[in-house]
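Student: I would like a close look at a single part of this protein, namely its charged side chains and the places where they pair or gather. Could you take me through that part carefully, and set it in the frame of the whole chain?

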Amino acid sequence: IKYSNVTVLNLRNTKIGKEGAEALANALKEEGNKITQLGLMDNNLKDEGAKTIAKAIKRSNVTELYLQL
């Protein structure tokens, strides 16, 4: 994602889980990240994964977050 022109990332139903959440969080915090819309519907994030991503979003360019339970 670093230095990419990607602004919309839809990870619907990808079952990213804990490890994927950590990797996504790291990518969102990278300098040069341009993602403004993030879709995480139908994933297996659990509480820990959701908290990890939430912290990263605070330091990112994400302005729209799509969740569905």
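Tutor: Glu48 counts as partly exposed because its relative accessibility is 44%, a value that lies between the 20% under which a residue is called buried and the 50% over which it is called exposed. The model is a predicted one, and in it Glu48 forms a salt bridge with Lys18, with the closest N and O atoms 3.5 Å apart. This pair links distant parts of the chain, since Glu48 sits in helix H2 and Lys18 in helix H1, 30 residues apart. Lys18 has a relative accessibility of 46%, so this partner is likewise counted as partly exposed.

The structure holds two salt bridges, and the other joins Arg12 to Asp42, where the closest N and O atoms are 3.2 Å apart. Here too the pair links distant parts of the chain, 30 residues apart, but the partners lie in loops: Arg12 is in the loop between strand S1 (8–10) and H1, while Asp42 is in the loop between strand S2 (37–39) and H2. Arg12 counts as partly exposed because its relative accessibility is 41%, and Asp42 is also partly exposed, because its relative accessible area is 27%.

Asp42 deserves a second look for its backbone, as its phi is near 55°, a positive value in a residue other than glycine. Lys15 shows a positive value as well, with phi near 50°, and is again a residue other than glycine. Lys15 is found in the loop between S1 and H1, which is also the loop that holds Arg12. With a relative accessible area of 52%, Lys15 passes the 50% cut-off and is therefore exposed.

Turning from pairs to a cluster, Lys29, Lys51, Lys55, Lys58 and Arg59 gather on the surface in a patch of positive charge. Helix H2, which spans residues 46–58, gives the most to this positive patch, with three residues. Lys29 has its place in the other helix, H1, which spans residues 17–29. Because its relative accessibility is 35%, Lys29 counts as partly exposed; a residue joins such a patch only if its relative accessible area is over 30% and it has no salt bridge.

An uncharged residue of helix H1 gives one further view of the fold: Asn26 lies in this helix and is partly exposed, because its relative accessible area is 47%. Asn26 and Ile53 are 27 residues apart in sequence, yet their C-alpha atoms are 8.7 Å apart in space.

As for the frame that carries these charges, the secondary structure of the protein chain comes to two helices and three strands, and from the N terminus on the elements run β-α-β-α-β. The radius of gyration of the protein chain is 11 Å, close to the 11 Å that the globule rule gives for 69 residues, and so the chain is as compact as a globular protein of that length. Taken along the principal axes, its C-alpha atoms fill a box of roughly 30 × 15 × 15 Å. Of the 69 residues in the protein chain, 33% are buried.

Note on methods:
Residues numbered from 1 in each chain as written. Predicted model: local features only at pLDDT ≥ 70, side-chain atom pairs only at ≥ 80, totals over all residues. Heavy atoms only, no water. Patch = residues over 30% accessible without salt bridge, like charges linked within 9 Å, V, L, I, M, F, W, Y side chains within 5 Å. Areas by Shrake-Rupley, 256 points an atom, 1.4 Å probe, with all protein chains shown as cover. Salt bridge = Lys/Arg side-chain N within 4 Å of Asp/Glu carboxyl O. Lys, Arg positive; Asp, Glu negative; His and termini not counted. Charge placed at Lys NZ, Arg CZ, Asp CG, Glu CD. Helix = DSSP H or I, 4+ residues; strand = E, 2+ residues; numbered from the N terminus. Buried < 20%, exposed > 50% of the residue type's maximum accessible area, 1.4 Å probe, protein only. Rg over C-alpha atoms; globule rule 2.2 N^0.38 Å.
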